[in-house]
Amino acid sequence: MRPGQIRLKDVEAPKLLFPTDALVKVTLTSICGTDLHPYRGQLPGFSAGTIMGHEFTGVVVAVGDAVAKHKVGQRVVASDLIACGTCWYCRRSLSYHCSSVSLFGYGQVVGSYTPGGQSELVRVPFADTTLFSIPDTVSDEEALFVGDILSTGYACIHKASLVEGDTVAVVGGGPVGLMAAMCARLLRPANVYVVEPNPKRQLVAREIGAIPLSPDEVEPLFESTHRRGADTVVEAVGSQEAFQLALRLVRPAGTVVCAGAHHSRAMPFDLEDAFARELSLRFVVGNPLAYGKQLLQLIEQGSLKPAKIITHRLPLAQVEQAYRLFAAQEALKVVLTP
Ligand SMILES: [Zn+2]
Ligand SMILES: [Zn+2]
């Protein structure tokens, strides 16, 4: 990856560098919405030559001496986030704030550069923390999103303190928004609305049991809540418009959870209104290290079927086309096989 350009290239095979490392042969990888920021050249300073990819499953092919939980031959899914697992933040499941934090395949945007999973072989630091074993009955496709988007969606619902019978609105029916909607359904809410203009995405929202709404036709949400608005709104876009819409949809004393990646430094925000309505505002980057094990269990039980959002399956050799399809929103989620 160079800002604005993705290419397939032969590189030197990674090696174990530390006793806590593992080497994983990638079986499946995907493109995340986060990958589109550098792809569109929206992250100036993103290191050219970055090996992208922070969602991948694979098979362990080598482990360092200090790796205790994983063995050669084991099927695993990696957390997108790499953290030490032992520091003050890690012990409190706040791994994104670990001083050793890094993100696979994302240049030096988060911590130091760690080559990512849109490749054949990956070095996985802190393997005991970063990797989760995939249960035998769970396919790689179902396990793949545990490493990022499913955990992010789950974290949104967890942080919103959602209870049974609540009404949830998700602004943005992209992969993270749909995962949040899917996770919200676990708690038996009254309704889960997905506010999304793209008809293809609306269709998938319906398939996972949510009610799609156009951003300019949100009236049914108010009708179904005696005009109160949603108890919880998940904002899964990362734009000012989406954030403003979320504030409009939430009921007094409700919660807005922002999972969309925000990059603006300032924006209009009606503080008086937020104060008068006693709104709660939370931010979620994602936390696979905290939720990975639990999510794999929910998938194993059949309570979550995240692979439903996959619309395209391509060989890694067609990575350029895959990025094009995803960036143009022709693909909702692309998985790539090396
Ligand atoms: Zn991501
Ligand atoms: Zn740590």
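Which residues does Ala181 touch, not counting residues up to four places away in sequence? Keep that in mind while we look at the core. One caution up front: this is a predicted model.

So, Ala181. Its contacts are Val170, Val192, Val194, Ala205, Ile208 and Ala210, leaving out residues up to four places away in sequence. Ala181 also belongs to the largest nonpolar core, which has 101 residues. Ala181 is among those with the most contacts inside that core, together with Ala169, Val170, Val171, Ala180 and Ala246. Helix 6, residues 175-185, supplies the largest share of this core, eight residues. And where does the core lie? It lies between domain 1 and domain 2, because both give residues to it. Domain 1 is 22-147 plus 288-337, and domain 2 is 151-283.

Now some exposed positions. Start with Arg227. Arg227 sits in the loop between helix 8, 219-223, and strand 11, 230-235. Its phi is positive, about 70 degrees, although Arg227 is not a glycine. Arg227 has 10 C-beta neighbours inside 10 Å, so it counts as exposed.

Next, Glu278. This residue is in the loop between helix 10 and strand 13, 280-283. Glu278 is another residue other than glycine with a positive phi, near 50 degrees. With 9 C-beta neighbours inside 10 Å, Glu278 counts as exposed.

Last, Asp273. That one is in helix 10 itself, residues 271-276. Buried or exposed? Exposed, because Asp273 has 11 C-beta neighbours inside 10 Å, and the cut-off for exposed is 12 or fewer. From Asp273 to Pro252 is 21 residues in sequence and 9.7 Å in space, C-alpha to C-alpha.

Methods
Residues numbered from 1 in each chain as written. Chains lettered and ligands numbered in written order. Predicted model: local features only at pLDDT ≥ 70, side-chain atom pairs only at ≥ 80, totals over all residues. Core = buried A, V, L, I, M, F, W, Y, C linked by C-beta atoms within 7 Å. Buried ≥ 20, exposed ≤ 12 C-beta atoms within 10 Å, placed from the backbone. Helix = DSSP H or I, 4+ residues; strand = E, 2+ residues; numbered from the N terminus. Domains from an automatic or database assignment. Contact = placed C-beta atoms within 7 Å.
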